[in-house]
Amino acid sequence: MKAVAVTPGTPNSVHLEDIPAPSLDQIADGLGVLVKVLKVGVDATDREINEAQYGNAPEGDKHLVIGHESFGIVEAVGENVKRIKPGDYVTATVRRPGNSIYDLIGTNDMTSEETYYERGINLRHGFLTEYFVDEEEYIVRVPEGLKHLHVLQEPMSCAAKAVYQAYEAQRRLKVWSPKVAYVLGAGQIGLLTTLVLKLKGLEVYTLARGEAPNLKAEIVDGMEATYVSTKDKSLAALVKETGKPDLIVDATGSSKLAFEAMEHIGHNGVVVWTGITGGDKKTEVPSDNINLNWVLGNKLLLGSVNANRGHFEMGIRDLALGDVMYPGVLQKILTHGVDGLDNYAEMMRLLVEDKNALKVFVNVAEA
Ligand code: BGC
Ligand code: ZN
């Protein structure tokens, strides 16, 4: 069957690969789920993998099948599968366990090992193909009523985890009750984080470069949050209006902006970094000032990556509530669909070049 793959280490190597079809008996103990792929989303990680900045092939293979944002329909299940049945719409988590204690208890998103296994990214083949098989543990059911939001499940799981982690960590304060949040960046993670925070009742400001009106601003407004173009207003000027925020989530993909966020968080506040910066940029930061204010303000910096099944389930609940609260808004994120795996070159072109492509995905098959 067809799969879209790269040769890790070789820039711009994206190509079509012929791979064997998977079968249920590849998974032990009757716990396999065979999924027919319907749609797969791509993001900056796929771009970086194709630029050979990131990602490794599974041991013994030269190619890596890419695609980690999956959406499909269950074709068949092993005899011991309980939660999932044929005909269910599903997505799959991305990480697979290593050997640390975190991996062994189902929280491989928190592995303490340096090596991590991620389908479509690192050492495990991904989902940009016709069928895949995996253990029930990693398959997440998507309600049929959310199938129009298909490939948003995986990015949403990362947003849900990031916010959940911030709240968990802030339990250190016993009475933390945040009012004002900034989200830096209005790509998919920024927009979905905006939703999670709005549903928690916060006053949310989502900052991005582009001047309104534009699609990102329309989506932010549609979620009753406030879009701020950094061309009109600096972070410092916004702080003058709102007071220092209690929570900042950085989803810009710029390490410079991630550090800049640290200059603006309020006392007892938390800054969450979600960006994955594969390059080697260096930035000058006002380190004395940050150091002083962080100590005097008991501030917290948190990194958050990936998501386990629990976070996918949280994300799905928020997508469901968000979709009825702000009808029609979330699907506006899904801007650019490409038909068929054969069109992988167009998929990559949109991802790399098209500034209006908020979300690129491949329509692999019909249900
Ligand atoms: C994926 C995450 C993954 C991270 C690091 C992101 O693009 O969505 O699931 O953990 O990259 O590889
Ligand atoms: Zn991703």
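In this predicted model, the side chain of Arg-95 comes within reach of the backbone oxygen of Asp-109, at 3.4 Å. A polar contact also links the side chain of Arg-95 to that of Glu-118, here at 2.8 Å. Arg-95 itself belongs to strand β7, which spans residues 95-96. With a relative accessibility of 6%, Arg-95 counts as buried, because the cut-off for a buried residue is under 20%. Beyond its neighbours within four places in sequence, the contacts of Arg-95 include Asn-108, Thr-111, Tyr-116, Tyr-117 and Tyr-138, and also Val-305 and Asn-306.

Asn-306, one of these contacts of Arg-95, deserves a look of its own. Its phi is near 60 degrees, a positive value in a residue other than glycine. Asn-306 sits in the loop between β17 and α9, the latter covering residues 309-325. At 7% relative accessibility, Asn-306 counts as buried.

A positive phi is also found at Asn-298, where the angle is about 50 degrees although the residue is not a glycine. Asn-298 is placed in the loop that runs between α8 (287-296) and β17 (300-303). Is Asn-298 buried or partly exposed? Its relative accessibility of 46% makes Asn-298 partly exposed. Another backbone feature is the cis peptide bond between Ala-212 and Pro-213, with omega at about 0 degrees. Pro-213 lies in the loop between β13 (203-208) and α5 (215-222).

Next comes the metal site. Which residues are the protein donors of the zinc ion (ligand 2)? They are Asp-43, through OD, and His-68, through NE2, lying 2.1 Å from the zinc ion. Asp-43 is in the loop between β3 and α1, whereas His-68 is in the loop between β4 (64-65) and β5 (69-77), so the pair ties together parts of the chain that are 25 residues apart in sequence. Both donor residues, Asp-43 and His-68, are buried. The zinc ion (ligand 2) has four donor atoms, and the angles among them run from 77 to 157 degrees, which makes the site irregular. For comparison, the ideal angle for four tetrahedral donors is 109.5 degrees.

Helix α10, residues 344-353, has four buried residues to follow: Met-347, Met-348, Leu-350 and Leu-351. These residues are on the same side of α10, because they cover an arc of only 160 degrees around the axis. This can be read alongside a general feature of helices: an α-helix has 3.6 residues a turn, so residues three or four places apart point the same way. What do the buried residues of α10 pack against? Their partners are the strands β1 (2-6), β3 (32-42), β18 (336-339) and β19 (360-363), together with helix α1 (44-50).

Two domain annotations help to place these features along the chain. According to an unreviewed UniProt entry, an "Alcohol dehydrogenase-like N-terminal" domain covers residues 33-144. Over this stretch, residues 33-144, the chain is 10% helix and 36% strand, and the C-alpha atoms at the two ends are 18 Å apart. The unreviewed UniProt entry also gives a "Glucose dehydrogenase C-terminal" domain, covering residues 149-346. Over residues 149-346 the chain is 42% helix and 16% strand, with the end C-alpha atoms 22 Å apart.

Terms used: Residues numbered from 1 in each chain as written. Chains lettered and ligands numbered in written order. Predicted model: local features only at pLDDT ≥ 70, side-chain atom pairs only at ≥ 80, totals over all residues. Heavy atoms only, no water. Buried < 20%, exposed > 50% of the residue type's maximum accessible area, 1.4 Å probe, protein only. Polar contact = N/O pair within 3.5 Å; in protein donor to acceptor, adjacent residues only side chain to side chain. Contact = heavy atoms within 4.5 Å. Arc of directions from axis to C-beta. UniProt positions renumbered as here; feature names shortened; annotations may be inferred. Donors = N, O, S within 2.8 Å, 3.2 Å for Na, K, Ca; no water. Tetrahedral: all angles 85-135°; square planar, octahedral: opposite > 155°, others 65-115°.
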